[in-house]
Amino acid sequence: MSSSLLLRQLSHTGASTRANFQPCAPGPPSSHPPRRNGRRRGAATISRLIDGQREREAGERGRIGPGAASGGNGWDTDGSGRDAAASTVFVAETMLPTRSGSYRLRGYRHSVDGWESYTEPAVVVSGRVEDQENVPVRVHDACFTSEVLGSLKCDCAQQLQLALEYIQNTPPGIVIYLQQEGRGIGLSNKIAAYALQERGLDTVDANRALGLPDDCREYSPVPNILEDLRIKSIQLMTNNPRKLSMLEDLGIRITGRIPCIVGPGKHNQAYLSAKEKRMDHLLEGSWCYWNHDGEPTQPVAGPLRQGSILPSSTEIAAKVRELSAEE
Ligand SMILES: Nc1nc2c(ncn2[C@@H]2O[C@H](COP(=O)(O)OP(=O)(O)OP(=O)(O)O)[C@@H](O)[C@H]2O)c(=O)[nH]1
């Protein structure tokens, strides 16, 4: 999709330029975790690579790849003790020329289990974000099928492109890219869910039929990365109320929402409608996620809680066979 079309779509919701963007009125005092010693409760420490001994050791053991965050296992984000083992390490920065222009690209490593495993958040930066308020931020989760293969079944790749072009055209802004494929269930589980969607289930029921949560993403790297970049407050580029409230619960100051709506196509119409009807995504371009009573809207599905156990790959494969045979 061309840049101008994308910007027209933002313009439809009033967000085409920074000049005409009106941040939402802030909601009621949020339930941010209190800070201990000036630090956010639950915020992990950002340490530079030089301090990352355990992280280096984990790397040497070859444990790179989806960890607790992407599998959604063992990480409790309900506010009680999420700080225990999470930390984020800045690794390096480079300039990256792309089709949408040049960006600073920053690499991080993030662990929620004391570096037994880790994920690699990447951050795309446009303009000077340090010490700024109201910085447009897109928190984007991996979608191999659309971003690498060009799948038309969802809107993920277009949303990523929209965000990249937005921050390029109206800097400053950042895109935080997290390895949480399939809303956190992982690639093969998402493929299993797609197999069931071919048989008529929607994006929510397909996950449930496999015994998987609707959404088990967690965002613990985000406050650390914002802190590392000294970003004081953000305007979140999203249509997803769950993401807004989860980030707010992590202590992030959200001063506004920038809708991230892309036009529907033949192949993703059903998906977009399920996101709106079943997952409460704000796909009609509303500016505020706070409702008229000043309360944040409630997320429809919580993250996995500590101790939750996902079905094994054998169980998922058996379930797909069983449901296919029932037809
Ligand atoms: N389980 C599952 N995951 C999907 C499906 N289609 C896309 N995804 C994943 O969904 C994630 C993106 O989530 P979305 O619900 O599309 O959007 P969002 O990021 O929550 O909300 P926005 O910020 O408004 O984009 C990516 O990790 C994709 O890999 C699907 O049918 N099933």
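Which residues touch the most other members of the largest nonpolar core? In this predicted model, they are I174, I176, V222, L226, L229 and L247, out of 25 residues in that core. Several elements chip in at least two core residues each: the strands β6 (122-126), β7 (135-141), β8 (173-178) and β9 (234-237), plus the helices α8 (221-228) and α9 (241-249). As a rule of thumb, nonpolar side chains in soluble globular proteins tend to be buried together.

Take I174 as a way in. Setting aside neighbours within four places in sequence, I174 is in contact with V123, V124, V125, V129, P136, V137, R138, I167, L226, L229 and I231. Apart from the largest core there's another one, made of 12 residues, with I185, A193, C216 and V320 among them.

What does the record say about this stretch of chain? An unreviewed UniProt entry carries the annotation "domain: GTP cyclohydrolase II" for residues 92-259. Over residues 92-259, the chain is 32% helix and 27% strand, and the C-alpha atoms at the two ends sit 30 Å apart.

Now for the ligand. It is surrounded by 25 residues, and the closest are R217, T238, N240, Y271 and K275. Here are some polar contacts to ligand oxygen atoms:

| Residue | Atom on the protein side | Distance to a ligand oxygen |
|---|---|---|
| Q180 | polar backbone atom | 3.1 Å |
| Q197 | polar side-chain atom | 2.9 Å |
| K275 | side-chain N or O atom | 2.7 Å |

How much of the ligand does the protein bury? On its own the ligand exposes 650 Å², and the protein buries 99% of that.

Conventions: Residues numbered from 1 in each chain as written. Predicted model: local features only at pLDDT ≥ 70, side-chain atom pairs only at ≥ 80, totals over all residues. Heavy atoms only, no water. UniProt positions renumbered as here; feature names shortened; annotations may be inferred. Helix = DSSP H or I, 4+ residues; strand = E, 2+ residues; numbered from the N terminus. Core = buried A, V, L, I, M, F, W, Y, C linked by side-chain atoms within 4.5 Å. Buried < 20%, exposed > 50% of the residue type's maximum accessible area, 1.4 Å probe, protein only. Contact = heavy atoms within 4.5 Å. Near = heavy atom within 4 Å. Polar contact = N/O pair within 3.5 Å; in protein donor to acceptor, adjacent residues only side chain to side chain. Areas by Shrake-Rupley, 256 points an atom, 1.4 Å probe, with all protein chains shown as cover.
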